[in-house]
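Please open the structure in the viewer and keep the selection panel at hand. The tour proceeds from one selection to the next.

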Amino acid sequence: MRVGIQGWGSEGDLRPMVALGARLKRAGHEARLVLSVVDGGDWGPLCSRLELPLKTVPEQMEHSLVEICGASKSIDPTKVSRRLVDLAFFPYLERMYESALALCAQSDLMVGLFSSWYVKAACLKTGVPFACLHYHPGMIPSRERPPAGFPAWRWLNPLSWSLFGLIFNLGFRGPGRKFWESKGVPGPGRVLTDIMMSERLNLVATSRALFQAPSDWGDRDRLVGHFEVPLDDAASWEPSAALREFLERGDKPIRVGGAYGLVPGVFAVLLR
């Protein structure tokens, strides 16, 4: 199959998409990437080593991370996210959508991030099947588990998901609905499921060591584990002397990390 992979974000959002492209290529498929990079990263060298066609849209964003992070001095916890989408998302939305249309024309299937709703709009416009990529399992409705931030009272889960969806619907006053309708795509009835998910396939790239898929997810919602660049294709790297000394001193450290920085950003987009 010809698979188009497109997303917007920082390294934690985009590296797994590159890794997915590499795995698809190894399985005999033809994968193409279109990435919109908010942190100034250069994915060209890695994609060249992996022999993955890459287009960056735009080639260079005009903002700086220093400028965005300056908003962190505010007592408003959503200000950084609002600054991020104002400087790095909406100014490039039309170009990202046009690149999605072009990628659809070259693809039998499109894979897009849940936050990159312009990709799904392009798929609906062209009729190309759309699969949605998630890194956070708390966005997929389940009778067995509550949404992110809600109490784990199983009997309350249906109501919790209804309220969770209502928050998105009430807050979605403009961006997604107006943009879709401007492209001749019917506006969504439910933001959470119609815009931020796929009706065909949702891939949840979360470690099975941290999360077990609910039994009611079915075939549409798949827990697939982390997407990692194959080790033999990864760039060679050597730690600094200071880091090496830290790693070798005392007990082995434990690293805790994540790639969910855009979840607050999506809420900021919906509630602006």
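Begin by selecting Lys-178 and Ser-182, which are exposed on one side of helix 8, opposite its buried residues. The model shown is a predicted one.

Next, select the whole of helix 8, residues 175-182, and colour Pro-175, Gly-176, Phe-179 and Trp-180, which are buried. When the view is turned to look down the helix axis, these buried residues fall within an arc of 110 degrees, so they line one face of helix 8. Continue past the end of helix 8 to Gly-184, where phi is positive, near 80 degrees.

Return to Phe-179 and display the aromatic side chains linked with it. Ring pairs join Phe-179 with Trp-8, Phe-89, Phe-90, Tyr-97, Trp-117 and Tyr-118 in a cluster. In the structure as a whole, a search finds ten aromatic pairs. One of them is formed by Phe-89 and Phe-90, whose rings meet edge-to-face, 5.3 Å centre to centre and with 85 degrees between the planes. Phe-89 is buried, at a relative accessible area of 2%, whereas Phe-90 is partly exposed, at 24%.

For an aromatic pair of another geometry, select Trp-153 and Trp-155: these rings are stacked, with centres 6.3 Å apart and 5 degrees between the planes. Trp-153 is partly exposed, with a relative accessible area of 48%, and Trp-155 is exposed, with 69%.

Now display the strands. Which order do the strands of the open sheet follow? Seven strands run in the order 3-2-1-4-5-6-7, and their pairing is parallel. Strand 3 (54-56) and strand 7 (221-223) are at the edges and have a single partner strand each, so one side of each lacks a neighbour in the sheet. From one strand to the next, the twist averages 20 degrees.

At the strand 7 edge, select strand 6 (residues 201-204) as well; the two strands pair in the parallel sense over three bridges. Leu-203 has Arg-222 of strand 7 as its bridge partner.

Add helix 6, residues 117-126, which packs on the sheet and touches strand 1 (2-9), strand 2 (30-37), strand 4 (109-113) and strand 5 (130-134). The direction of helix 6 makes about 145 degrees with that of strand 1.

Finally, colour the chain by pLDDT. The average is 85, and 89% of the residues score at least 70. Select residues 259-272, where the pLDDT is below 50; this stretch has 43 contacts in the model beyond near neighbours in sequence. Where pLDDT is low, predicted coordinates should not be read in detail.

Definitions and conventions
Residues are numbered from 1 along each chain as its sequence is written. Side-chain values use heavy atoms; hydrogens and water are left out. Rings of Phe, Tyr and Trp (its six-membered ring) pair if their centres lie within 6.5 Å; planes under 30 degrees apart count as stacked, over 60 as edge-to-face and the rest as tilted. Buried means under 20% relative accessible area, exposed over 50%, partly exposed in between (1.4 Å probe, protein chains only). pLDDT is the predictor's confidence in each residue, from 0 to 100. Contact means heavy atoms within 4.5 Å. Helices (H or I, at least four residues) and strands (E, at least two) are DSSP runs, numbered from the N terminus. The arc is that of the directions from the helix axis to the C-beta atoms. Two strands pair if DSSP finds at least two bridges between them. Axes are lines fitted to C-alpha atoms, for helices over the stretch in contact, and angles run from 0 to 180 degrees between N-to-C directions.
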